[in-house]
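Biologist: Got a minute to walk through this one with me? Here it is on the screen.

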Amino acid sequence: DGEGAPSIAPTAIQTALDSLSLFMEEKSSLPGWTPTREGGVQLDWHEGGVDLEIEFQPSASDGYVVFADGQGIVAEWDGPVEANLVRLRTLFAERLH
């Protein structure tokens, strides 16, 4: 990116794609993809008053999720996205469909 950040790690991209297939539905909107400074990727949705941001880092055990609506943060956690798939799937189905 011209700022000295590493390239996006293939493991971050693969983990993001694998995770998307586990919580998105066929009619779900697609996220925006942004590289992170650590060589990972952030996926984000900003629609209908809802903001969902998910970071996937080069290490599959590192990640960050923040889900907010017009009232403030609804859910936030660090760690592997896979560890919170049920929670994420529920939030996604209720707010971003």
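**Chat about the model**

Modeller: Let's start with R87, which counts as partly exposed because its relative accessibility is 39%. Keep in mind that this is a predicted model.

Biologist: OK, where is R87 found?

Modeller: R87 is in helix 2, which covers residues 85-95.

Biologist: And how many residues apart in sequence are R87 and D62, and how far in space?

Modeller: They are 25 residues apart in sequence, and their C-alpha atoms are 17 Å apart in space.

Biologist: Switching to the sheet. What order do the strands have?

Modeller: The order is 1-2-3-4-5, in an open sheet of 5 strands with antiparallel pairing. Strand 1 (32-35) and strand 5 (72-78) are the edge strands, each pairing on one side only. On average, neighbouring strands of this sheet are turned by 15 degrees against each other, ignoring direction.

Biologist: Remind me, what do strands of a sheet pair through?

Modeller: Backbone hydrogen bonds, and the pairing can be parallel or antiparallel.

Biologist: Take me through it from strand 1, then. How many bridges does strand 1 have with strand 2?

Modeller: There are 4 bridges between strand 1 and strand 2 (residues 41-47), in the antiparallel sense. As an example, G32 has D44 of strand 2 as its bridge partner.

Biologist: What's in the hairpin between those two?

Modeller: The hairpin of strand 1 and strand 2 has 5 residues between the strands, and G39 takes a positive phi near 95 degrees there.

Biologist: Is strand 2 largely enclosed or open?

Modeller: Largely enclosed by the rest of the structure, because 5 of its 7 residues are buried.

Biologist: Next neighbour: how many bridges between strand 2 and strand 3?

Modeller: Strand 2 pairs with strand 3 (residues 50-56) over 7 bridges, again in the antiparallel sense. H46 stands opposite D51 of strand 3, and D44 has E53 of strand 3 as its bridge partner. So D44 turns up twice, as the partner of G32 and as the partner of E53, given that bridges are what pair two strands.

Biologist: And which residue in the turn of that hairpin has a positive phi?

Modeller: G48, at about 55 degrees; the hairpin has 2 residues between strand 2 and strand 3.

Biologist: Which residues of strand 3 are on the covered face, and which on the uncovered one?

Modeller: V50, L52, I54 and F56 make up the covered face, while D51, E53 and E55 are on the uncovered one.

Biologist: What about the far side of the sheet, strand 3 to strand 4?

Modeller: Strand 3 and strand 4 run antiparallel and are joined by 6 bridges. D51 shows up here too, with A68 in strand 4 as its bridge partner.

Biologist: And strand 4 to strand 5?

Modeller: Strand 4 (residues 63-69) and strand 5 run antiparallel, joined by 6 bridges. V65 has W77 of strand 5 as its bridge partner. The hairpin that joins strand 4 to strand 5 goes through 2 residues.

Biologist: Leaving the sheet, which residues make the nonpolar surface patch?

Modeller: I8, I13, L17 and W33 make that patch, which is about 320 Å². I8 lies in the segment before helix 1 (10-23). I8 counts as partly exposed because its relative accessibility is 32%.

Biologist: What about T15, buried or exposed?

Modeller: T15 is buried, because its relative accessible area is 12% and the cut-off for buried is under 20%. T15 lies in helix 1.

Biologist: What does the side chain of T15 have a polar atom 2.8 Å from?

Modeller: The backbone oxygen of T11.

Biologist: Last one, E25. Where is E25 found?

Modeller: In the loop between helix 1 and strand 1. E25 is partly exposed, since its relative accessible area is 36%.

Biologist: How far is E25 from F92, C-alpha to C-alpha?

Modeller: 9.1 Å, though E25 and F92 are 67 residues apart along the chain.

Methods. Residues are numbered from 1 along each chain as its sequence is written. This is a predicted model: local features need pLDDT of at least 70, side-chain atom pairs count only at pLDDT 80 or more; totals for chains, interfaces and linings use all residues. Side-chain values use heavy atoms; hydrogens and water are left out. Patches are made of residues with over 30% relative accessible area and no salt bridge: like charges are joined within 9 Å, nonpolar side chains (Val, Leu, Ile, Met, Phe, Trp, Tyr) within 5 Å. Accessible areas come from the Shrake-Rupley method with a 1.4 Å probe; for residues, only the protein chains shown count as cover. A salt bridge is a side-chain nitrogen of Lys or Arg within 4 Å of a carboxyl oxygen of Asp or Glu. Buried means under 20% relative accessible area, exposed over 50%, partly exposed in between (1.4 Å probe, protein chains only). A polar contact is a pair of N or O atoms within 3.5 Å; within protein, one must be able to donate a hydrogen and the other to accept it, and residues adjacent in sequence count only if both atoms are side-chain atoms. Axes are lines fitted to C-alpha atoms, for helices over the stretch in contact, and angles run from 0 to 180 degrees between N-to-C directions.
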